[in-house]
Amino acid sequence: QPKREEHYFRNQLVLDLTNPVVQDFVFKVVDDLFVKNPELAYIKWDCNAVIYNAYSASLKNQTHLYVDYVRGLYKVLERIRAKYPKVPMMLCSGGGGRVDYAALQYFTEFWPSDNTDPLERIYIQWEYSHFYPAIATSNHVTEWGKQPLKFRVDVAMMGKLGFDIVVHDLPEKDLKFCQ
């Protein structure tokens, strides 16, 4: 906002996706990555940043900022999907609350929370299951929690199962179980 200090969240500012010029810029960044690195096979899109001092220099009606921001995001995603229709895309959004049904048309999966403690994750995944199909929820086995590996795997496999653990540190019986 004019005459207000910038407020950084994780040393970041949010790009103004209400602005078509910024939409073009964001698309070009993603497109250039794929053109220069055709072996890229996955996109993780992080929408966790909070918009502080919400304001758009290009928007006439500031009361529409959040709605127009989402519309701008979807315009970028439509272009990415049109050019790269088969690339899997994860919406990392739990903390930012950016999961919604409209996003399902662009993303192959959601990352509901960075909290991967299996006991706490059960509640997170259960609540997600009231609104979203399990296949859209990405769940990973991690070192969080004190539960046995089987329990962590059982919880994570209630959606798209992934592993964020150091495999070579696993005991032989756990490695065999995971295989």
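## Salt bridges and the surroundings of His7

A salt bridge joins the side chains of Asp154 and Lys150, with an N to O distance of 2.7 Å. Both residues belong to helix H4 (residues 149-156), where they stand four residues apart, about one turn of the helix. Asp154 counts as partly exposed because its relative accessibility is 28%, and Lys150 is also partly exposed, at 46%. The model described here is predicted.

The structure holds seven salt bridges. Three of them, including the pair in helix H4, are listed below.

| Salt bridge | N to O distance |
|---|---|
| Asp154 and Lys150 | 2.7 Å |
| Lys160 and Glu109 | 3.6 Å |
| Asp174 and Lys173 | 3.7 Å |

The side chains of Lys160 and Glu109 form one of these bridges. Lys160 lies in strand S5 (residues 160-163) and Glu109 in strand S3 (residues 109-111), so this pair ties together parts that are 51 residues apart in sequence. Glu109 is buried, with a relative accessible area of 9%, while Lys160 is partly exposed at 23% relative accessibility.

In the bridge between Asp174 and Lys173, Asp174 is buried, at 17% relative accessible area. Lys173 counts as exposed, with 65% relative accessibility.

His7 is placed in the segment before helix H1 (20-36). With a relative accessibility of 40%, His7 counts as partly exposed. Beyond its neighbours within four places in sequence, His7 is in contact with Gln12, Leu13, Tyr52 and Asn53. The C-alpha atom of His7 is 8.9 Å from that of Ile51, a residue 44 residues apart from His7 along the chain.

Key. Residues are numbered from 1 along each chain as its sequence is written. This is a predicted model: local features need pLDDT of at least 70, side-chain atom pairs count only at pLDDT 80 or more; totals for chains, interfaces and linings use all residues. Side-chain values use heavy atoms; hydrogens and water are left out. Helices (H or I, at least four residues) and strands (E, at least two) are DSSP runs, numbered from the N terminus. Buried means under 20% relative accessible area, exposed over 50%, partly exposed in between (1.4 Å probe, protein chains only). Contact means heavy atoms within 4.5 Å. A salt bridge is a side-chain nitrogen of Lys or Arg within 4 Å of a carboxyl oxygen of Asp or Glu.
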